[in-house]
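Good morning, and thank you for joining. I should like to present one chain and then examine some of its helices in turn.

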Amino acid sequence: MSRKASVDLASTGGARGGSLSLEEAARFGDTAIAVAAKAIAAHRNRPGALLPILHDIQDALGYVPEDCVGLIAENLQRSRAEVHGVLTFYPHFRRAPAAGAVVGVCRAEACQARGANELIRHAQARLGCGFHEAGADGEATLEPVYCLGLCAQGPAIEVNGERHVHVTPERFDAILERARYGGREA
Ligand code: FES
């Protein structure tokens, strides 16, 4: 039996009002609601469905739009506040599109012991932003990550999914410069 999910289409840009089923929502092309509907359909019968749903949406869109929260909440029979709470609790989830290169700097203990804090200070000064923010010129978005599995070679960072080790402030600048122009660090 098709389960109906109420979703405020006005908030998704449709301005049509009313509700739609997950199957209907999944036909909304590449919109956030269609992506969310597909993720919900794939996971909603699993225990702990919320996290894999949020991961699927972020993998598809690069972030989890606020518009998806209501649809997820209704289909998992949770409140919007609960979904929002999980979304904001985990630093991994982005609530706005990233700008430029996505730069993750490891903040876990082994990297800290190898100079990550100095590297973080440099990254924030270079980009002019804090974690979960994009630099003013849109060059990059800075994210904290917690262990990339390269602990003995820290400080470690990840730029657009590519990992780098033994990163000094000077190497950070070089890596970022190459990411900006689509190249790889030598
Ligand atoms: S602690 Fe940074 S990669 Fe493991």
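I begin with the chain as a whole, and then turn to the helices H2, H3 and H8.

Please keep in mind that this is a predicted model. The chain contains 8 helices and 7 strands. It has 186 residues, of which 30% count as buried. Among contacts with a separation of 6 or more, 52% join residues that are 24 or more positions apart.

Let me take the pair H2 and H3. Helix H2 comprises residues 32-43 and helix H3 residues 50-61; their axes come within 9 Å and cross at roughly 145 degrees. The crossing of H2 and H3 is right-handed. Which residues in H2 and H3 meet? From H2, the participants are Ala32, Val35, Ala36, Ala39, Ile40, Ala42 and His43, and from H3 they are Pro52, Ile53, Asp56, Ile57, Ala60 and Leu61. By class, the residues of this contact are 11 nonpolar, 1 polar and 1 charged.

I now consider H3 by itself. With 12 residues at 1.5 Å a residue, H3 should span 16 Å, and the 17 Å between its end C-alpha atoms agrees with this. The buried residues of H3 are Ile53, Leu54 and Ile57. Viewed down the axis of H3, these buried residues fall within an arc of 95 degrees, and they therefore line one face of the helix. The elements covering the buried residues of H3 include H2, helix H4 (68-76) and helix H5 (80-89). Just after H3, Gly62 adopts a positive phi of about 90 degrees.

The final helix for today is H8, residues 169-180. The same check on length applies here: for 12 residues at 1.5 Å a residue, the expected span of H8 is 16 Å, and its end C-alpha atoms are 17 Å apart, in agreement. Which residues of H8 are buried? They are Phe172, Ile175, Leu176 and Ala179. Because these residues cover an arc of only 100 degrees around the axis, they lie on the same side of H8. On the face turned away from that buried side, H8 carries the exposed residues Glu170 and Glu177.

What covers the buried residues of H8? The cover includes strand S3 (101-106), helix H7 (116-127), strand S5 (140-145), strand S6 (157-159) and strand S7 (162-164).

To summarise, the buried residues of H3 line one face of that helix, and those of H8 are on the same side of theirs. Thank you for your attention.

Key
Residues are numbered from 1 along each chain as its sequence is written. This is a predicted model: local features need pLDDT of at least 70, side-chain atom pairs count only at pLDDT 80 or more; totals for chains, interfaces and linings use all residues. Helices (H or I, at least four residues) and strands (E, at least two) are DSSP runs, numbered from the N terminus. A residue is buried if 20 or more other C-beta atoms lie within 10 Å of its own, exposed if 12 or fewer, and partly exposed in between; C-beta atoms are placed from the backbone. Two residues are in contact if their C-beta atoms, placed from the backbone, lie within 7 Å. Axes are lines fitted to C-alpha atoms, for helices over the stretch in contact, and angles run from 0 to 180 degrees between N-to-C directions. A crossing is left-handed if the near helix is turned anticlockwise from the far one by less than a right angle, and right-handed if clockwise. Ala, Val, Leu, Ile, Met, Phe, Trp, Tyr, Cys and Pro count as nonpolar, Asp, Glu, Lys and Arg as charged, and the others, Gly among them, as polar. The expected span of a helix is 1.5 Å times one less than its number of residues. The arc is that of the directions from the helix axis to the C-beta atoms.
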